[in-house]
Amino acid sequence: MSYKVAVIGDIDTATGFALAGVSYTYVHADKDGTLAKLAEFMASEEIGLVLITHPIAEELGAEFRQVMRLKKLLPVILRIPDKTGYMPKVDELYELIKRAVGAEIVVRAEEG
Amino acid sequence: MAAVAAAVVTPTRMELLRLRRRVGLAQRGHDLLREKMDALVIEFFEVLRRIRDARVGALKQLSVAYRALSTCSAAMGTIETQQASKEARHELEVEVSARYIMGIAVPTLEVEKVERSALARGYSLHTTSSLLDEASREFEKALGLLVELAELEESARAIARELEKTKRRVNALEYLVIPRLKATLKFIMMRLDEMERENFLRLKRIKAMLEARA
């Protein structure tokens, strides 16, 4: 099955990915508008991948995590850095490891 | 805990046999789940290792792309760049299918020909700078890598969810169900032994009484 890609980001991110051929781009302005758009993307049948920049994901906060928790298999959501290269200090993936494997987080933290 | 279990159970031989079977079943289930958990952990770490590599590459490419876009905006003008991005063809599609790891559905994302030729992009070539082509190309490359990364991260998330669930089941069996069954089993065995001793004693007494009478 073929699916389209959507991007939620600042104007530069949206411009860049639009140049690369992404079908839906949304420029973040305020929290409510973006949340509504995100919900629309999530409900859409033809979108398979949603890219959202880290700062926006963080601004959406709990609502965004709620969306992540409740979503079905598709679309896949991926958080990407914006042009400032900002990455959150707490890596969500490490949280995942901590929850899933418990104590083995230590082993991994040493090798990585 | 044993007392709770004992209150509802009737100490009979039938019950004992039934319980023994249940303990055996629980134990086998526990072993199987344990094995599943081990396999999932191996899979999980394999995916994590791949994420780490993919992430480095994708993020590097993405920052290259942002830089190229900045250069382009500076040379061509921000408005013109945005205009061109609106004119570009937006028909990129990813192929999504499901893959199964230990019975968990994880999506696989695949994208064909992310990188397009300048002509295929759809913006007007003679009004735009070659820097725009450059920026588009870098973003296309970045997008390809991000799609890969998205697949991996989603897999990791799915495996972690399953792992958590399996872990909870293993623990429930190991620390709750099996000890409780074993406690009940022990209670029944003790009770049966006790009844046997009582019976034995009763017979001895009767025999003594009969002998005394004779």
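This note goes through the two chains of a predicted model and the place where they meet.

1. Chain B, elements. The secondary structure of chain B consists of four helices and two strands. Starting at the N terminus, their order is α-α-α-β-β-α. The two strands cover residues 93-101 and 104-111, and helix 4, at residues 130-213, comes after them.

2. Chain B, overall shape. Chain B has a radius of gyration of 35 Å, whereas the globule rule gives 17 Å for 214 residues; the value is well over the rule, so the chain is more spread out than a compact globule. The box filled by its C-alpha atoms, taken along the principal axes, is roughly 130 × 25 × 25 Å.

3. Chain B, burial and contacts. In chain B, 27% of the 214 residues count as buried. A residue is given that label if 20 or more other C-beta atoms lie within 10 Å of its own. Among the contacts of chain B with a separation of 6 or more, 87% are between residues 24 or more positions apart.

4. Chain A, elements. Chain A contains six helices and four strands. Along the sequence they follow the pattern β-α-β-α-β-α-α-β-α-α, and strand 1 of this chain spans residues 2-9.

5. Chain A, burial and contacts. Of the 112 residues in chain A, 41% count as buried. For contacts in chain A with a separation of 6 or more, residues 24 or more positions apart make up 64%.

6. Where the chains touch. How many residues of each chain are in contact with the other? The count is 44 residues of chain B and 33 residues of chain A. On the chain B side, at least two residues each come from helix 2 (13-76), helix 3 (78-87), strand 1 (93-101), strand 2 (104-111) and helix 4 (130-213). Helix 4 of chain B gives the most, with 16 residues.

7. Residue classes at the contact. The side of chain B that touches chain A is made up of 26 nonpolar, six polar and twelve charged residues.

8. Strand pairing across the chains. Which strands join chain A to chain B, and do they run parallel or antiparallel? Strand 1 of chain A is joined to strand 1 of chain B by three bridges, and the two run antiparallel. A place to look for this pairing is A:Tyr3, which stands opposite B:Val94. B:Val94 belongs to strand 1 of chain B, and that strand is also among the elements that supply residues to the side touching chain A.

Notes: Residues are numbered from 1 along each chain as its sequence is written. Chains are lettered from A and ligands numbered from 1 in the order in which they are written. This is a predicted model: local features need pLDDT of at least 70, side-chain atom pairs count only at pLDDT 80 or more; totals for chains, interfaces and linings use all residues. Two residues are in contact if their C-beta atoms, placed from the backbone, lie within 7 Å. Ala, Val, Leu, Ile, Met, Phe, Trp, Tyr, Cys and Pro count as nonpolar, Asp, Glu, Lys and Arg as charged, and the others, Gly among them, as polar. Two strands pair if DSSP finds at least two bridges between them. The radius of gyration is taken over C-alpha atoms; the globule rule is 2.2 Å times the number of residues to the power 0.38. A residue is buried if 20 or more other C-beta atoms lie within 10 Å of its own, exposed if 12 or fewer, and partly exposed in between; C-beta atoms are placed from the backbone.
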